[in-house]
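Student: I'm new to this structure and would like a close look at a single part of it. Could you take me through one pair of packed helices and what surrounds them?

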Amino acid sequence: MAGLTVVAVNRMPAAEVEVSADLVRRLLADQHPDLARLPVEFLANGWDNELYRVGDGLVARLPRRAVGAEIIKNEQRWLPGLAQSLPLPVPYPERTGKPAHGYPFSWSVVPYLPGVPAAEARSFDPAAAAAVVGGFLGALHVPAPADAPANPFRGVPLAERAGSFAANLALLTGQADQDEVDWDAVLRGWDAALAASSYDGPPVWLHGDLHPGNVLVHHGQVSGVIDFGDITSGDPATDLSVAWMLLPLGCHASFWSAYQAAGGAGGRVSDALRARARGWALNLAIVFLAHSEDNPVLLEIGHRTISTVLADQRGPVC
């Protein structure tokens, strides 16, 4: 498979309900009338939610698909408590809303966090980011309660993602693009990750979708972490894959040191944990490449992540 090229072949999932600034205004007027006079404007959308700026300090977060409606309930239940122990700002729900005006889902109003996604930032300090993000994950990755949200796609043993990994690779095979990928090396890296010892610790809290699109940068420094829609518990390797998505290899030692110092992995980072995290990085990169035809930011994350993982597998050049 060496030398094959890649292009994303699927678009983001279509919205199942229509969301608009006018709908947000009507919902606010009915359920949070003290916010009704604030200006409302579209901010962004992801696979599951649409975001609308409400005045200077707030954001309305509304599910655009039924799956988003389920996960926003998890944010509403768990994120306010977790936010108190985290060293970076997160958009915990300050207010909640209920279905109305033909809109069928619960929704949230969260703080507006200044900054832009690291994936879109012109520049940021990667050494500082390594320490900050590593410390954030060390603080987040504490044992979760038994009733923490279940998520079949995150925090699970990596082997459970083997079927989707193969299916996404099949989608990419033979597609034309200008960037070449050594798929033999990708498969070797995936096999090495699958061979690593499985996680045998307690399930810990996970962000679940920590990539450079969900890490905020303000004035060149990491300023917050957003989009906890996939919040769950399990193997911390899922979140730790962000090291290959966000950071140059020269900053990884600082990332792991900060993670340990903040209590991550009980203060002991193993080779197996790193190998599983590298495998998760490959898995998520393939997902981005296969399913983000209309999202150039995620496409770029996918390409960059694969390049970083393969460079890590090759080791230092003498």
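Tutor: Let's start with helix α9 (residues 271-291) and helix α10 (residues 296-314), whose axes come within 8 Å and cross at roughly 150°. Please keep in mind that this is a predicted model. Angle and distance go together here, as two packed helices are described by the angle between their axes and the distance between the axes. The crossing of α9 and α10 also has a hand: it is left-handed.

Which residues make the contact? On the α9 side they are Arg 278, Ala 281, Leu 282, Ala 285, Ile 286, Phe 288 and Leu 289. On the α10 side you will find Leu 298, Leu 299, Ile 301, Gly 302, His 303, Thr 305, Ile 306, Val 309, Asp 312 and Gln 313. Sorted by character, the residues of this contact come to 11 nonpolar, 4 polar and 2 charged. As you look along either helix, a general point may help: an α-helix has 3.6 residues a turn, so residues three or four places apart point the same way.

Now follow α9 by itself. This helix has 21 residues and reaches 30 Å from its first C-alpha to its last, close to the 30 Å expected at 1.5 Å a residue. Helix α9 is also mostly covered, with 16 of its 21 residues buried.

From α10, pick out Ile 306 next. Leaving aside residues up to four places away in sequence, Ile 306 touches Leu 282, Ala 285, Ile 286 and Leu 289, and also Val 181, Trp 183 and Val 186. The first four of these names are already familiar, since Leu 282, Ala 285, Ile 286 and Leu 289 were listed for the α9 side of the helix contact.

That brings us to the wider setting. The largest nonpolar core has 66 residues, and Ile 306 is one of those with the most contacts inside it, along with Phe 136, Leu 137, Trp 183, Phe 255 and Trp 256. Helix α9 gives the most to this core, with 11 residues. So what lies apart from this core? There is another core, of 19 residues, and among them are Leu 27, Tyr 103, Phe 105 and Val 109.

So, to gather up the picture: α9 and α10 cross at roughly 150°, α9 gives the most residues to the largest nonpolar core, and Ile 306 is among the residues with the most contacts inside that core.

Conventions
Residues numbered from 1 in each chain as written. Predicted model: local features only at pLDDT ≥ 70, side-chain atom pairs only at ≥ 80, totals over all residues. Heavy atoms only, no water. Core = buried A, V, L, I, M, F, W, Y, C linked by side-chain atoms within 4.5 Å. Buried < 20%, exposed > 50% of the residue type's maximum accessible area, 1.4 Å probe, protein only. Helix = DSSP H or I, 4+ residues; strand = E, 2+ residues; numbered from the N terminus. Contact = heavy atoms within 4.5 Å. Expected span 1.5 Å × (residues − 1). Axes fitted to C-alpha atoms, helices over the stretch in contact; angles between N-to-C directions. Left-handed = near helix turned anticlockwise from the far one by under 90°. Nonpolar A, V, L, I, M, F, W, Y, C, P; charged D, E, K, R; others polar.
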